[in-house]
Amino acid sequence: MSERWTTAVLDTALPGGWAVARSSQGFLCNAQGVLFERDWLKQQPLDVLAEHGIGHFDGQPVYLLELRSPDTPDDCRWQGLRQFMLEGDFQVYRMLGYAAQIGTWAREHRFCGSCGGAMQQVHGERAMHCARCELRSYPRISPSMIVLVTRGDEVLLARSPRFVPGVYSTLAGFAEPGESAEDCLRREVMEEVQVSVRNIQYIGSQCWPFPHSMMLGFHAEYASGDIVPQLDEIEDAQWFHIDALPALPAGRSIARHLIDLYVARRSGLPEPVLPG
Ligand SMILES: NC(=O)c1ccc[n+]([C@@H]2O[C@H](COP(=O)([O-])OP(=O)(O)OC[C@H]3O[C@@H](n4cnc5c(N)ncnc54)[C@H](O)[C@@H]3O)[C@@H](O)[C@H]2O)c1
Ligand SMILES: [Mg+2]
Ligand SMILES: [Zn+2]
């Protein structure tokens with residue numbers, strides 16, 4: 001894996017470095033991209049809610065300006081995080097995914113969830129602290145299982161009403177307290193399509209910053225049951241032959257990787273690599 005982007009807790013009192021700016025409209029971009037000279041950006045008339053020192057890109061310190069409103073400096077525009085996931089430099093997307101998670105988490109933890117007091121960023125640590133009751137809050141990550149259920153040359157794919165028309169994907173769901181990854185996977189598959197699985201095989205993981213999932217990806221073999229889609233979540237679910245697949249999710253998603261990997265293995269083709 002490339003190390004162009006690494007996270008760090010940087011001191012916002014120091015000058016210099018690069019900055020990205022985020023609002024409800026996405027990240028600020030100009031013709032050069034999404035990284036701005038920080039000292040210049042801070043002189044622009046932006047409505048800054050908070051600043052975070054988030055890491056290094058190509059060895060240079062990077063800060064996040066989290067904005068209250070999307071005021072747009074001259075020659076700039078906004079681009080959503082999903083668009084960075086779909087195209088362009090994947091390391092830039094990784095940096096912005098981290099920035100988005102830190103910005104959202106800090107914005108949602110300005111007040112203590114225990115006593116309601118104001119919270120402050122802890123110096124040198126990615127944490128918010130309540131001076132009144134000593135509570136510390138850390139960035140939130142939600143473990144989620146994602147699984148390709150297989151039956152020989154067939155794979156089980158489903159579509160949610162939220163998907164682009166025609167697209168089918170793997171099954172996924174959030175872990176609940178008390179579950180192992182395997183428990184969650186079996187429960188989600190049973191809830192969403194009423195199928196049971198066996199031979200669960202861990203494939204790999206992917207950060208999914210929409211808004212704070214950690215996807216744990218698996219292959220699992222079909223064991224028993226007929227597909228019965230869960231009405232509110234799953235619009236349709238079917239077995240598809242690997243030679244006759246429908247439209248699939250975005251190329252850099254772990255959902256797509258799980259499908260492409262299985263097809264490659266069944267077909268004796270070189271295995272794809274999960275972008276990371
Ligand atoms: N990277 C990928 O390829 C890929 C593909 C599919 C899904 N995903 C992600 O996987 C995650 C889970 O998938 P899903 O939407 O099918 O989940 P799911 O099947 O568990 O159902 C979603 C429901 O879970 C509840 N929920 C929302 N946030 C939660 C949380 N943090 N913890 C527990 N429950 C929560 C809500 O009621 C929501 O409607 C989502 O973040 C989704 O975007 C990623
Ligand atoms: Mg689901
Ligand atoms: Zn408190």
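This is a short tour of ligand 1 and the protein around it, in a predicted model.

**Stop 1: the ligand.** Select ligand 1 and show the protein as a surface. You're looking at the largest pocket, and ligand 1 takes up that space.

**Stop 2: the neighbours.** Now select the residues around ligand 1: there are 18 of them. Want the closest ones? Pick Glu192, Trp208, Ser213, Glu233 and Ala255. Try colouring the whole shell by residue type, and you'll get 7 nonpolar, 6 polar and 5 charged residues.

**Stop 3: the polar contacts.** Which part of serine 213 comes 2.9 Å from an oxygen atom of ligand 1? Show its side chain, and you'll find that an N or O atom there makes the approach. Next, go to alanine 255 and turn on the backbone: one of its N or O atoms lies 3.0 Å from a ligand 1 oxygen. Alanine 172 also uses a polar backbone atom, at 3.1 Å from an oxygen of ligand 1. How much of the ligand does the protein bury? On its own, ligand 1 exposes 860 Å², and the protein buries 64% of that.

**Stop 4: the elements.** Switch to cartoon view. Several elements give two or more residues each to the shell. The strands to select are β11 (142–151), β13 (171–174), β14 (196–208) and β15 (213–224); the helices are α4 (181–193) and α5 (254–267).

**Stop 5: a labelled stretch.** Finally, select residues 173–194. An unreviewed UniProt entry lists them as a short sequence motif, the "Nudix box". In this model the span is 59% helix and 9% strand, and its end C-alpha atoms are 14 Å apart.

Conventions: Residues numbered from 1 in each chain as written. Chains lettered and ligands numbered in written order. Predicted model: local features only at pLDDT ≥ 70, side-chain atom pairs only at ≥ 80, totals over all residues. Heavy atoms only, no water. Near = heavy atom within 4 Å. Polar contact = N/O pair within 3.5 Å; in protein donor to acceptor, adjacent residues only side chain to side chain. Areas by Shrake-Rupley, 256 points an atom, 1.4 Å probe, with all protein chains shown as cover. 1 Å grid on protein atoms, 1.4 Å probe; cavity = no way out; pocket = protein on both sides within 12 Å on 5 of 7 lines; lining within 4 Å. Sits in = over half its atoms within 2 Å of the grid points. Helix = DSSP H or I, 4+ residues; strand = E, 2+ residues; numbered from the N terminus. Nonpolar A, V, L, I, M, F, W, Y, C, P; charged D, E, K, R; others polar. UniProt positions renumbered as here; feature names shortened; annotations may be inferred.
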